[in-house]
Amino acid sequence: MNNNFCFPFDHNFKIPNSIAEIYAGKPYPVHTSVDKQLFDRKIFDWLRLENIEVSWCETHYKPALPTSIKISKYGTIHADGGEIDNKTKINFVFGGNGSQMVWYKFKGDLNVQTHSTSLQTPYVRPQSITDIEEVYRCSFKTALCNVGQLHSVENPNEERACIQFILRDSITQERIEFVDARARIERLLLLL
Ligand SMILES: [Fe+2]
């Protein structure tokens with residue numbers, strides 16, 4: 001049964017081997033941009049076949065943290081961008097054995113605060129954790145993720161890095177919504 005949050009998929013493209021390779025010996029910042037050349041360029045050619053362009057590539061690092069910690073400098077429950085919608089990323093997870101991405105919804109009316117990441121990208125947070133409830137969780141290595149809905153990551157066992165491709169349509173230059181992106185990826189998987 002399809003969900004509106006996460007679509008894990010397998011592929012055979014060359015991607016970085018480890019967290020250490022992503023950061024190339026430097027300290028691990030919480031949030032930083034990533035050179036797309038860490039990836040085999042064939043993955044970008046493949047996505048292009050469905051007019052998917054990777055407009056930006058970034059990585060988040062999070063050490064192992066108890067799941068009871070909901071807010072820390074390594075993250076909080078949030079939706080990417082300045083609004084709740086269905087914008088989509090492809091996420092590649094490194095390490096984080098047993099980690100899960102968790103999605104939430106508002107129990108009642110939307111009640112958000114807008115914030116900004118260290119890279120000056122906006123995100124929204126719920127005013128209160130009591131306003132929301134969990135709706136979905138998923139463990140994956142590579143997945144299309146709906147990051148316009150409230151989400152967070154739980155990795156209690158092992159440090160985790162997540163490289164994220166921000167997607168846009170190569171013709172319209174608009175961000176691609178989850179259901180549309182999933183349909184395109186499903187078609188592309190038939191070509192592998
Ligand atoms: Fe996010």
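**Close-up views of a predicted model**

**Figure 1. An open sheet of three strands.** In this predicted model, three strands form an open sheet in the order S9-S6-S11, and their pairing is antiparallel. Strand S9 (132-138) and strand S11 (151-154) stand at the edges, each with a single partner strand, so one side of each is left without a neighbour in the sheet. On average, neighbouring strands of this sheet are turned by 30 degrees against each other, direction ignored. Strands of a sheet pair through backbone hydrogen bonds, either parallel or antiparallel.

**Figure 2. The pairing of strands S6 and S9.** Strand S6 covers residues 100-106 and pairs with S9 in the antiparallel sense. How many bridges hold this pair of strands? There are six bridges between S6 and S9. To follow the pairing at the level of single residues, the reader may start from Trp103, whose bridge partner in S9 is Tyr136.

**Figure 3. The chain as a whole.** The chain contains three helices and 12 strands. Its radius of gyration is 16 Å, close to the 16 Å that the globule rule gives for 192 residues, so the chain is as compact as a globular protein of that length. Taken along the principal axes, the box filled by the C-alpha atoms of the chain is roughly 45 × 35 × 35 Å. Buried residues account for 28% of the 192 residues. Among contacts between residues at least 6 apart in sequence, 84% join residues at least 24 apart.

**Figure 4. Helix H3 and its buried face.** Helix H3 consists of 12 residues (residues 178-189), which at 1.5 Å a residue should span 16 Å; the end C-alpha atoms of the helix are 16 Å apart, which agrees. Which residues of H3 are buried? They are Phe178, Ala181, Arg182 and Ile185. Seen down the axis of H3, these buried residues fall within an arc of 100 degrees, so they line one face of the helix. The cover over the buried residues of H3 includes strand S1 (6-8), strand S5 (88-95), strand S10 (142-146) and strand S12 (160-169).

**Figure 5. Strand S10 with its partners S1 and S5.** Strand S10, which is among the elements covering the buried residues of H3, is itself mostly covered: four of its five residues are buried. S1 pairs with S10 in the antiparallel sense over three bridges. In this pairing, Pro8 stands opposite Ala143 in S10. S5 also pairs with S10 in the antiparallel sense, over five bridges. Here the bridge partner of Asn91 in S10 is Ala143. Ala143 thus appears in both views of S10, opposite Pro8 and as the bridge partner of Asn91.

**Figure 6. Strand S12 with its partners S3 and S5.** Strand S12 is mostly covered, with eight of its 10 residues buried. Strand S3 (residues 52-62) and S12 pair in the antiparallel sense over 10 bridges. Within this pairing, Lys62 has Arg160 of S12 as its bridge partner. S5 and S12 run antiparallel and are joined by seven bridges. Which residue of S12 is the bridge partner of Asn91? The partner of Asn91 in S12 is Gln164. Asn91 therefore links two views, since its bridge partner is Ala143 in S10 and Gln164 in S12.

Key: Residues numbered from 1 in each chain as written. Predicted model: local features only at pLDDT ≥ 70, side-chain atom pairs only at ≥ 80, totals over all residues. Pairing = 2+ DSSP bridges. Axes fitted to C-alpha atoms, helices over the stretch in contact; angles between N-to-C directions. Rg over C-alpha atoms; globule rule 2.2 N^0.38 Å. Buried ≥ 20, exposed ≤ 12 C-beta atoms within 10 Å, placed from the backbone. Contact = placed C-beta atoms within 7 Å. Expected span 1.5 Å × (residues − 1). Arc of directions from axis to C-beta.
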